[in-house]
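Me: Please take a close look at one helix pair in this model, and tell me how the two helices are set against each other and which residues bring them together. A connected account, ending with the chain around them, would suit me best.

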There are 2 protein chains.
Amino acid sequence: MQPSKTLSIDAMGGDDAPRIVIDGVAEFLAARPSMSVLLHGNETLLRPMMAGRADLQSRATIVHAEGKITSDMKPSQALRRGKGSSMWNAVEAVKDGRAGACVSAGNTGALMAISMLVLRKMDGVHRPARTAVWPTLRGRTAVLDVGANVEADAEQLVTFAIMGEAFARATLGLPRPSVGLLNIGSEEMKGHEEVREAHELLRASAIDIDYRGFVEGDDISAGVVDVVVTDGFTGNVALKTGEGVARMLASHMREAFTESLMSKAGAVLAMNGLKRLKSLMDPSNVNGGVLLGLGGISVKSHGGADARGFARACEMAADLAASDFQGEIAANLARIGTGGVAAE
Amino acid sequence: MQPSKTLSIDAMGGDDAPRIVIDGVAEFLAARPSMSVLLHGNETLLRPMMAGRADLQSRATIVHAEGKITSDMKPSQALRRGKGSSMWNAVEAVKDGRAGACVSAGNTGALMAISMLVLRKMDGVHRPARTAVWPTLRGRTAVLDVGANVEADAEQLVTFAIMGEAFARATLGLPRPSVGLLNIGSEEMKGHEEVREAHELLRASAIDIDYRGFVEGDDISAGVVDVVVTDGFTGNVALKTGEGVARMLASHMREAFTESLMSKAGAVLAMNGLKRLKSLMDPSNVNGGVLLGLGGISVKSHGGADARGFARACEMAADLAASDFQGEIAANLARIGTGGVAAE
């Protein structure tokens with residue numbers, strides 16, 4: 001198997017693992033006939049799930065793992081006791097060059113910690129960042145950090161901007177993505193000191209990024225910029241708040257179309273548009289958080305995503321494995337490094 | 001005019017003032033036949049707008065103001081040059097007892113600064129907080145701070161919790177509102193130091209609040225608690241992000257129901273449910289930010305809200321003026337004060 005054509009999957013991570021994971025992998029393999037996967041997990045559980053499924057039989061290889069990282073494990077515990085677990089093995093296969101990227105729907109903190117230890121950080125990156133891709137009115141926007149770190153200083157925010165820009169170039173099909181810094185007012189007087197300082201650094205910086213200045217929360221869904229940069233606390237709250245609003249509106253929409261015979265008939269007539277809307281309201285569709293800034297590709301799938309959501313995360317991992325976005329980031333960081341911004 | 005039955009309106013604040021403001025006030029007066037308003041602003045502009053409108057003619061009194069606070073004015077400029085402006089006069093009428101509450105859709109920072117200077121802070125409150133009311137799956141939830149401050153330490157977060165709880169009791173019709181602290185994980189190890197410290201203070205505190213611990217971004221729309229407490233930066237980003245998602249989905253919904261004759265027919269059949277959904281997606285409906293922690297009631301309406309949104313903000317101001325929520329907060333703060341939490 002060619003590493004760039006192979007994904008390394010943690011089959012045991014996520015709320016409904018391994019069932020959802022296996023279903024998601026099957027969906028992914030059906031969509032990508034040239035790809036293979038390594039399935040890390042309990043063979044006794046996994047083997048029966050592959051029965052009678054041709055894609056899985058021919059292109060998935062079970063790599064037995066005894067251990068499992070549970071969702072309540074702290075990162076430090078995962079590092080101490082995680083060796084030999086399905087998650088650890090999934091990450092290690094990337095390090096060893098057996099796969100181009102790994103995907104896990106398990107414990108985020110543990111995946112972050114194990115990925116950092118095993119894959120190491122890239123030169124010039126002090127803190128990796130988790131990136132989420134949002135649907136917007138104009139297309140898609142990458143938002144980072146959405147929870148890998150609790151805080152970020154100005155230099156880390158600048159590094160996030162560079163990583164996010166390279167990510168958008170590699171995965172969103174944008175030749176020159178625009179970048180904005182999340183703030184609470186477009187006037188320069190507002191916002192955290194770190195945000196204002198990062199703003200000055202990005203404006204003054206010699207690196208060739210299409211930096212557009214401050215954006216606000218509602219600019220994310222409006223698609224005002226292609227990359228939105230923020231600290232992990234704010235980004236995580238924004239991501240989850242947006243998911244919550246979409247879920248609430250989807251629930252009200254279901255009600256609106258089932259309350260009477262007339263409304264049900266209306267739903268049938270408007271079926272096509274409603275299907276598209278439903279998919280936009282489904283958090284599974286924005287699934288796939290990439291930990292940027294590591295020496296290999298590690299993708300976090302939403303723990304509560306369904307099979308389709310997991311398949312999406314696999315597709316993103318496959319796209320990244322096929323691209324040179326790691327090289328892009330390295331080149332940009334090197335360019336910054338000479339400007340002294342990334343120095344610690 | 002009875003002060004508690006009178007609102008003091010900044011007629012010149014907001015994107016489309018004074019037109020939107022006057023239309024909003026007219027809507028408010030029609031809905032609340034026992035209320036009156038003071039309209040602070042340029043008489044030459046305002047007088048013609050009242051022509052032929054019975055409610056405005058009989059229950060609105062123009063109080064001429066020459067000056068105007070512009071949207072690009074810094075708070076410090078507003079304090080220096082704002083005296084005699086429509087916003088300043090609107091706030092002063094509350095201070096002087098001529099009105100029970102004031103409403104402005106103008107410059108938030110300026111309203112905050114002027115309200116603090118004129119109405120003063122309540123005893124025990126170091127920083128007032130801006131509160132927004134969100135529609136949720138279960139009803140409504142108050143979120144604070146949504147942007148009055150950029151940061152909040154643990155003690156300020158505790159004060160926000162107390163103020164938010166009193167606010168929810170006074171305006172949401174809840175005898176015992178539940179309170180949550182916004183964080184990025186429900187495990188106690190996660191989150192900012194300030195958030196974790198506030199969590200300990202609220203758990204240990206002698207005050208009688210139904211504190212439920214940490215909540216995440218998606219819990220806001222789910223209505224998991226009645227009051228969500230956070231710092232002003234995070235709260236503002238969450239609020240605007242949620243608005244942005246709702247706006248994006250509303251736009252896609254319009255598309256879905258206009259793309260074909262069939263879908264248009266479907267929209268007609270499902271009209272009732274869709275109308276309700278549309279109103280849920282309209283940020284004007286969550287309008288009305290109250291600055292809690294002052295010696296009087298000052299309500300901020302969204303600068304971009306329509307007449308209906310401004311009317312909502314007026315209704316909230318009227319409800320607050322009729323309630324004793326200032327007294328409730330004072331009582332709670334006094335209770336905490338003895339525990340030493342609010343000491344600076």
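Reply: In this predicted model, helix α1 of chain A, which covers residues 19–31, packs against helix α13 of chain A, residues 307–322, with the two axes 7 Å apart and an angle of about 55° between them. Because an angle of that kind is neither roughly parallel nor roughly perpendicular, α1(A) and α13(A) are described as oblique to each other. The crossing in which α1(A) passes α13(A) is right-handed.

On the side of α1(A), the residues that take part in the contact are Ile20(A), Val21(A), Asp23(A), Gly24(A), Val25(A), Glu27(A), Phe28(A) and Ala31(A), while α13(A) contributes Ala307(A), Arg308(A), Phe310(A), Ala311(A), Cys314(A) and Glu315(A). Sorted by class, this contact of α1(A) with α13(A) holds nine nonpolar residues, together with four charged residues and one polar residue.

As for the surroundings of the pair, chain A has 14 helices and 11 strands. Its radius of gyration is 20 Å, close to the 20 Å that the globule rule gives for 344 residues, and chain A is therefore as compact as a globular protein of that length. The C-alpha trace of chain A spans about 60 × 60 × 35 Å along its principal axes, and 58% of the 344 residues in the chain are buried. Of the contacts in chain A with a separation of 6 or more, 73% are made by residues 24 or more positions apart.

Key: Residues numbered from 1 in each chain as written. Chains lettered and ligands numbered in written order. Predicted model: local features only at pLDDT ≥ 70, side-chain atom pairs only at ≥ 80, totals over all residues. Axes fitted to C-alpha atoms, helices over the stretch in contact; angles between N-to-C directions. Helix = DSSP H or I, 4+ residues; strand = E, 2+ residues; numbered from the N terminus. Parallel < 35°, antiparallel > 145°, perpendicular 65-115°, else oblique. Left-handed = near helix turned anticlockwise from the far one by under 90°. Contact = placed C-beta atoms within 7 Å. Nonpolar A, V, L, I, M, F, W, Y, C, P; charged D, E, K, R; others polar. Rg over C-alpha atoms; globule rule 2.2 N^0.38 Å. Buried ≥ 20, exposed ≤ 12 C-beta atoms within 10 Å, placed from the backbone.
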